[in-house]
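Reader: Hey, I've just opened this one and I'm new to it. Can you walk me through it?
Author: Sure, let's put it up on the screen and go piece by piece.
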Amino acid sequence: MDMMCVSILQPETGNRIRSLIRQSGYSVQDIQQIMGFENPQAVYKWMAGKNLPGTDNLLILSRVLRVHMEELLVTNEEPGPDSDLDIYSDMDLCA
């Protein structure tokens, strides 16, 4: 079994989140309200790539933006559009 290292690229993920929010027509304040946050700081930090949404918030955000959770994340090894994600099932992931 081969070992595979995958990591999330925070700045690029922030750019993707910002882009998807804008494409969907939502404002930061809209996302803040939908997520139930008292202030928009968390959303701004996601968009700046300073923090990543937690798993629950990532799931909610993916539903709001109508994309799969993995589409919100940019990794150091992005699969192509024709790739089969099952190729990863026999590999160990490392941090």
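Reader: Let's jump straight in. Which residues in helix 1 meet helix 3, and what do they meet there?
Author: This is a predicted model, so keep that in mind throughout. On the helix 1 side you have G14, N15, I17, R18 and I21, and they meet V43, W46, M47 and A48 in helix 3. By class, that contact divides into six nonpolar residues, two polar and one charged.

Reader: And how do the axes of helix 1 and helix 3 cross?
Author: They come within 5 Å of each other and cross at roughly 115 degrees.

Reader: I17 caught my eye. Is I17 buried or exposed?
Author: I17, which sits in helix 1, has 0% relative accessibility, so it counts as buried.

Reader: What does I17 touch?
Author: Not counting residues up to four places away in sequence, I17 touches W46, M47, P53, L61 and L72. Take M47: the two are 30 residues apart in sequence, yet their C-alpha atoms are 5.8 Å apart in space.

Reader: Let me zoom out for a second. How many helices and strands does the chain have?
Author: Five helices and two strands. From the N terminus on, the order is β-α-α-α-α-α-β.

Reader: What share of the chain counts as buried?
Author: Of its 95 residues, 28% do. As for contacts between residues at least 6 apart in sequence, 65% of them join residues at least 24 apart.

Reader: OK, helix 2 now. Which residues of helix 2 are buried?
Author: V28, I31, Q32 and M35. They cover an arc of only 105 degrees around the axis, which puts them on the same side of helix 2.

Reader: And what covers the buried residues of helix 2?
Author: The cover includes helix 1, helix 3 and helix 4.

Reader: What comes right after helix 2?
Author: That's G36, and its phi is positive, near 80 degrees.

Reader: You mentioned helix 4. How do the axes of helix 2 and helix 4 cross?
Author: Helix 2 covers residues 28-35 and helix 4 covers residues 55-65; their axes come within 11 Å and cross at roughly 125 degrees. The two helices are therefore oblique to each other. The crossing is right-handed.

Reader: Which residues make the contact between helix 2 and helix 4?
Author: From helix 2 it's I31, I34 and M35, and from helix 4 it's N57, I60, L61 and V64. Sorted by class, that contact has six nonpolar residues, one polar and no charged ones.

Reader: So which residues of helix 4 are buried?
Author: L58, L61, S62, V64 and L65. Looking down the axis of helix 4, you'd find those buried residues within an arc of 160 degrees, so they line one face of the helix.

Reader: Which residues are exposed on the other side of helix 4?
Author: Over there, T55, D56 and R63 are exposed.

Reader: Back to the buried ones: what do the buried residues of helix 4 pack against?
Author: Four helices: helix 1 (10-24), helix 2, helix 3 (41-48) and helix 5 (69-72). L61, one of the buried residues of helix 4, is also among the residues that I17 touches.

Reader: Does anything stand out past the end of that helix? What is the phi of R66, just after helix 4?
Author: R66 takes a positive phi of about 60 degrees.

Reader: New topic, Y44. Where is Y44 found?
Author: In helix 3. Y44 is partly exposed, with a relative accessible area of 39%.

Reader: What does Y44 touch?
Author: Leaving out residues up to four places away in sequence, Y44 touches V28 and Q29. Y44 and G14 are 30 residues apart along the chain, with a separation of 9.0 Å between their C-alpha atoms.

Reader: Last one, T75. Where is the place of T75?
Author: T75 is in the loop between helix 5 and strand 2 (92-94).

Reader: Is T75 buried or exposed?
Author: Buried: the cut-off is under 20% relative accessible area, and T75 comes in at 18%.

Reader: Which residues is T75 in contact with?
Author: Setting aside its neighbours within four places in sequence, T75 is in contact with V6, S7, I8 and L9.

Methods
Residues numbered from 1 in each chain as written. Predicted model: local features only at pLDDT ≥ 70, side-chain atom pairs only at ≥ 80, totals over all residues. Heavy atoms only, no water. Axes fitted to C-alpha atoms, helices over the stretch in contact; angles between N-to-C directions. Parallel < 35°, antiparallel > 145°, perpendicular 65-115°, else oblique. Left-handed = near helix turned anticlockwise from the far one by under 90°. Contact = heavy atoms within 4.5 Å. Nonpolar A, V, L, I, M, F, W, Y, C, P; charged D, E, K, R; others polar. Buried < 20%, exposed > 50% of the residue type's maximum accessible area, 1.4 Å probe, protein only. Arc of directions from axis to C-beta.
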